[in-house]
Every structure is written in C-alpha cells, then in structure tokens.
Amino acid sequence: MLRSKGLTEKLLLLGVDGMDPRFTKRLVDEGKLPNVKKLMERGSCRDDLMLLGANPTITPPMWATLATGASPMVHGITDFFLQVPGKLDEYCYGMHSESCHAEQIWNVTAEMGKKTLVWHWPS
C-alpha cells in the first residue's frame, strides 16, 4: 500500500529512445519544439534534460532502469545480448522481459488495482 496519495491520479510516461538532450534543448530554445517546452515547463524533466540513468548508456539497460528504478547490476540487463546461463557459447536478446530480475513499475501499479497500460515498450 502506498504511504501517501501522491500528486496525481494519472501519469503518462513517454520515452524517446536516442533523443539527444543537448540537441533537443537547442531546438526548444529556438522555439521549434513548443510542445516539448510545455512539458518541460510543467516539470516533466530536469532543466538540462539530462537523464539520471544507468551505465552503460545504451538502449536495453536504460529502458530496464527506467521501468524498474534498479541499476543494470540489479535488474540484470546490461547489453543488447546476454549470455545464456550455464552456456558459454550461447546468447539471447537482452531486451526480453524474462531477462529482467527487478519488478517493472507497471506490475506494481497493476497489483495496487490501478488501471495500467503499457504500449510499445521495448521488451
């Protein structure tokens, strides 16, 4: 059970893979991304748009860290491909949800009885 109600009943998490924060900030400052600017003004990100994520900063561990709040060493997704346990010469795709050893936020909210939708999440 949650300790506090929180600030909102609804939450939308939008992730854009490969979106460069410096380039995006420049486009926002030039007035070319007005909707991104609106989201920023409402406090949806850090002022510099930099992520506080995991290392390495490649797609699979970053998405898993975002979904779980855990570091790659905890959730187990450290690269695009992972070694199959017990087999030195076999690898499997690293972005598979079965490879993640930490609980994703959508499972937590669903177990709490919240309506939860995950759409086009890389897994």
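The following exchange examines a predicted model of one protein chain.

Visitor: Which pattern of helices and strands does the protein chain follow along the sequence?

Guide: In this predicted model, the protein chain has five helices and two strands. Its C-alpha trace spans about 50 × 40 × 20 Å along the principal axes. Read along the sequence, the elements follow the pattern α-α-α-α-β-β-α.

Visitor: What percentage of the residues of the protein chain count as buried?

Guide: A residue is called buried when its relative accessible area is under 20%. Of the 123 residues in the protein chain, the share that counts as buried is 23%.

Visitor: What share of the contacts with a separation of 6 or more comes from residues 24 or more positions apart?

Guide: The contacts considered here are those in the protein chain with a separation of 6 or more. Among these, residues 24 or more positions apart account for 35%.

Visitor: Are helix 1 and helix 2 roughly parallel or roughly perpendicular?

Guide: Helix 1 covers residues 21-29 and helix 2 covers residues 34-41; their axes lie 9 Å apart, at an angle of about 100 degrees. Angles from 65 to 115 degrees count as roughly perpendicular. Helix 1 is therefore, with respect to helix 2, roughly perpendicular.

Visitor: Which residues of helix 1 and helix 2 make the contact?

Guide: By class, the contact of helix 1 with helix 2 has three nonpolar, one polar and two charged residues. Helix 1 contributes Thr24, Lys25 and Val28, and helix 2 contributes Val36, Lys37 and Met40.

Visitor: Is Thr24 buried or exposed?

Guide: Thr24 belongs to helix 1. Leaving aside neighbours within four places in sequence, Thr24 is in contact with Met19, Leu33, Val36 and Leu49. Because the relative accessibility of Thr24 is 5% and the cut-off is 20%, Thr24 counts as buried.

Visitor: How far apart in space are Pro21 and Leu49, C-alpha to C-alpha?

Guide: Pro21 lies in helix 1 and, at 18% relative accessibility, counts as buried. Apart from neighbours within four places in sequence, Pro21 is in contact with Asp48, Leu49 and Met50. Pro21 and Leu49 are 28 residues apart in sequence, and their C-alpha separation is 5.3 Å.

Visitor: How far apart in space are Arg22 and Asp48, C-alpha to C-alpha?

Guide: Arg22 is also found in helix 1. At 61% relative accessibility, Arg22 counts as exposed. Arg22 and Asp48 stand 26 residues apart in sequence, with a C-alpha to C-alpha distance of 7.8 Å.

Visitor: Which residue forms a side-chain polar contact of 3.2 Å with Glu30?

Guide: Glu30 lies in the loop between helix 1 and helix 2 and is partly exposed, with a relative accessible area of 43%. The C-alpha atoms of Glu30 and Gly15, 15 residues apart along the chain, are separated by 22 Å. The polar contact of 3.2 Å joins the side chain of Glu30 to that of Lys32.

Visitor: Which helices are included in what covers the buried residues of helix 3?

Guide: Helix 3 is mostly covered, as eight of its ten residues are buried. The buried residues are Pro60, Pro61, Met62, Trp63, Ala64, Thr65, Ala67 and Thr68. What covers them includes helix 4 (72-75) and helix 5 (105-111).

Visitor: Which residue has its backbone oxygen 2.8 Å from a polar atom of the side chain of Thr68?

Guide: Thr68 is found in helix 3, which covers residues 59-68. Not counting residues up to four places away in sequence, Thr68 touches His75, Cys100, Ala102, Glu103 and Gln104. The backbone oxygen that lies 2.8 Å from a polar atom of the Thr68 side chain is that of Ala64.

Visitor: What phi does Gly69 take?

Guide: Gly69 comes just after helix 3. Its phi is positive, at about 80 degrees.

Visitor: Is the pair formed by Phe81 and Tyr93 stacked or edge-to-face?

Guide: The structure holds one aromatic pair. The ring centres of Phe81 and Tyr93 are 6.0 Å apart and the planes meet at 70 degrees. Planes over 60 degrees apart meet the cut-off, so the pair is edge-to-face.

Visitor: Which strands hold Phe81 and Tyr93?

Guide: Phe81 is exposed, with a relative accessible area of 53%, whereas Tyr93 counts as partly exposed at 46%. The pair links distant parts of the chain, twelve residues apart. Phe81 is in strand 1 (residues 81-83), and Tyr93 is in strand 2 (residues 91-93).

Conventions. Residues are numbered from 1 along each chain as its sequence is written. Side-chain values use heavy atoms; hydrogens and water are left out. Axes are lines fitted to C-alpha atoms, for helices over the stretch in contact, and angles run from 0 to 180 degrees between N-to-C directions. Helices (H or I, at least four residues) and strands (E, at least two) are DSSP runs, numbered from the N terminus. Angles under 35 degrees count as roughly parallel, over 145 as roughly antiparallel, 65 to 115 as roughly perpendicular and the rest as oblique. Contact means heavy atoms within 4.5 Å. Ala, Val, Leu, Ile, Met, Phe, Trp, Tyr, Cys and Pro count as nonpolar, Asp, Glu, Lys and Arg as charged, and the others, Gly among them, as polar. A polar contact is a pair of N or O atoms within 3.5 Å; within protein, one must be able to donate a hydrogen and the other to accept it, and residues adjacent in sequence count only if both atoms are side-chain atoms. Rings of Phe, Tyr and Trp (its six-membered ring) pair if their centres lie within 6.5 Å; planes under 30 degrees apart count as stacked, over 60 as edge-to-face and the rest as tilted. Buried means under 20% relative accessible area, exposed over 50%, partly exposed in between (1.4 Å probe, protein chains only).
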